[in-house]
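This report describes selected features of one protein chain, taking buried residues, a helix, a pocket and two loop positions in turn. The sequence and the structure are shown below.

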Amino acid sequence: MHEQPAALENALRGRLLGDGRVEFSDWDVSDTQLRRFQRVQIVAAGSAYYAGLLAKYALEDLALLPTSVEVASEWRYRPQPSDSSTLTIAISQSGETADTLAAARRACEQGSFVLGLTNTVGSTLALEADGVLNLHAGPEICVVATKTYINQVACALLLALRLAQARQTRSSGDLRELASGLRAVATAQHRVLEREHEFEPLGAWLAGHRAALYIGRGYNFPAAMEAALKLKEVSYLHAEGYPAGELKHGPIALLEPELPVVAFATDAPTREKMRSNIQEVCARESPVLAVVSEGDT
């Protein structure tokens, strides 16, 4: 986890230019080719799938490209029609995930352009894909994806910026502002990691419960699902990520003092909606751990 800021800077280096433009030295693609794509489909597994969900938000918001995200083990047995106007993004840290490889091969057979996002140079995905974006995260030495997940999201955001640049769906001013925000993330990561001692009591408190519910809206919804997966993987506690707007459609029945709710309520257009969701949780006496933007009181 402490390698995340350096890994992120490696992913951005040489790709995110000073004027906000994005260029990929490992994928020589022209604006003309990028403008041919009319839709995007993403296939992945595990944490890479949640990175893909975040990518979907960015691709649709910035490049205005309709995007679907599928669990690779499902898509390979019920592939959606695709052709040369479809960009298929296969995300795999190792580049050897069997279901993701099978899905990528099926998409290639249908005539789709397959772009691999992988952390392993020379992997099967890197060799078989039509184009490759390397994560540049360095070796992932723990069971759970930490820095590689961050770099999967970062590379997906770079791709969304590149497509927006080629398709001219955002102004140059917008692209510069977004690029500046992306560059600032590594510094923010450093600041959070320097405060890790403050989070230890929260971890000890969470460990005293049998399960946890994670909620979010917008970009924070996939983040909530990934956070729930992390808790399951490292602690063997049951955790579930859920869209906060769906609380009333099932999860609300589970709320009680023994079920903590981790709520992602950062500064976003849905912040007030999230505040309302948190009030609903509090009314049912579930303890809330809120993840908010700095300075939010």
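A residue is called buried when its relative accessible area is under 20%, and exposed when that area is over 50%. The model discussed here is predicted.

**Buried residues**

E70 belongs to strand β2, which covers residues 67-71. Its relative accessibility is 19%, and E70 therefore counts as buried, the cut-off being under 20%. When residues up to four places away in sequence are not counted, E70 touches I42, V43, A44, Y49, W75 and R78.

L161 lies in helix α7. Because its relative accessibility is 3%, L161 is classed as buried. Apart from neighbours within four places in sequence, L161 is in contact with L16, V22, L62, L175, L178 and L182. S68 and L161 are separated by 93 residues in sequence, and their C-alpha atoms are 18 Å apart in space.

N277 is part of helix α12, residues 271-283. With a relative accessibility of 5%, N277 also counts as buried. Its contacts, not counting residues up to four places away in sequence, are R217, A244, G245 and L247. Between N277 and M225 there are 17 Å from C-alpha to C-alpha, and the two are 52 residues apart in sequence.

The three buried residues are set out here with their elements and accessibilities.

| Residue | Element | Relative accessibility |
|---|---|---|
| E70 | strand β2 | 19% |
| L161 | helix α7 | 3% |
| N277 | helix α12 | 5% |

**Helix α8**

Helix α8 consists of 12 residues, 172-183. From its first C-alpha to its last it reaches 16 Å, close to the 16 Å expected at 1.5 Å a residue. Within α8, the residues L175, A179 and L182 are buried. Viewed down the axis of α8, its buried residues fall within an arc of 60°, so they line one face of the helix. The elements that cover these buried residues include α1 (4-12), α7 and α9 (185-193). On the α7 side, L161 has L175 and L182 among its contacts, and both of these are buried residues of α8.

**The second largest pocket**

The second largest pocket holds about 220 Å³ of space. It is lined by 17 residues, of which A45, S47, A48, Q93 and A145 are the closest to its centre. Helix α3 (47-62), strand β3 (86-92) and helix α7 (147-167) each contribute at least two residues to the lining of this pocket. By character, the lining comprises 7 nonpolar, 8 polar and 2 charged residues.

**Two loop residues with positive phi**

Y236 is situated in the loop between α11 (220-235) and β7 (238-243). Its phi is near 65°, a positive value in a residue other than glycine. The relative accessible area of Y236 is 76%, so this residue is exposed.

E285 is placed in the loop between α12 and β9 (288-292). Although E285 is not a glycine, it has a positive phi of about 65°. E285 is exposed, because its relative accessible area is 57%. The helix that precedes this loop, α12, is also the one in which the buried residue N277 is found.

Key: Residues numbered from 1 in each chain as written. Predicted model: local features only at pLDDT ≥ 70, side-chain atom pairs only at ≥ 80, totals over all residues. Heavy atoms only, no water. Helix = DSSP H or I, 4+ residues; strand = E, 2+ residues; numbered from the N terminus. Buried < 20%, exposed > 50% of the residue type's maximum accessible area, 1.4 Å probe, protein only. Contact = heavy atoms within 4.5 Å. 1 Å grid on protein atoms, 1.4 Å probe; cavity = no way out; pocket = protein on both sides within 12 Å on 5 of 7 lines; lining within 4 Å. Points joined across faces, edges and corners; volume = space filled by probe spheres on them. Nonpolar A, V, L, I, M, F, W, Y, C, P; charged D, E, K, R; others polar. Expected span 1.5 Å × (residues − 1). Arc of directions from axis to C-beta.
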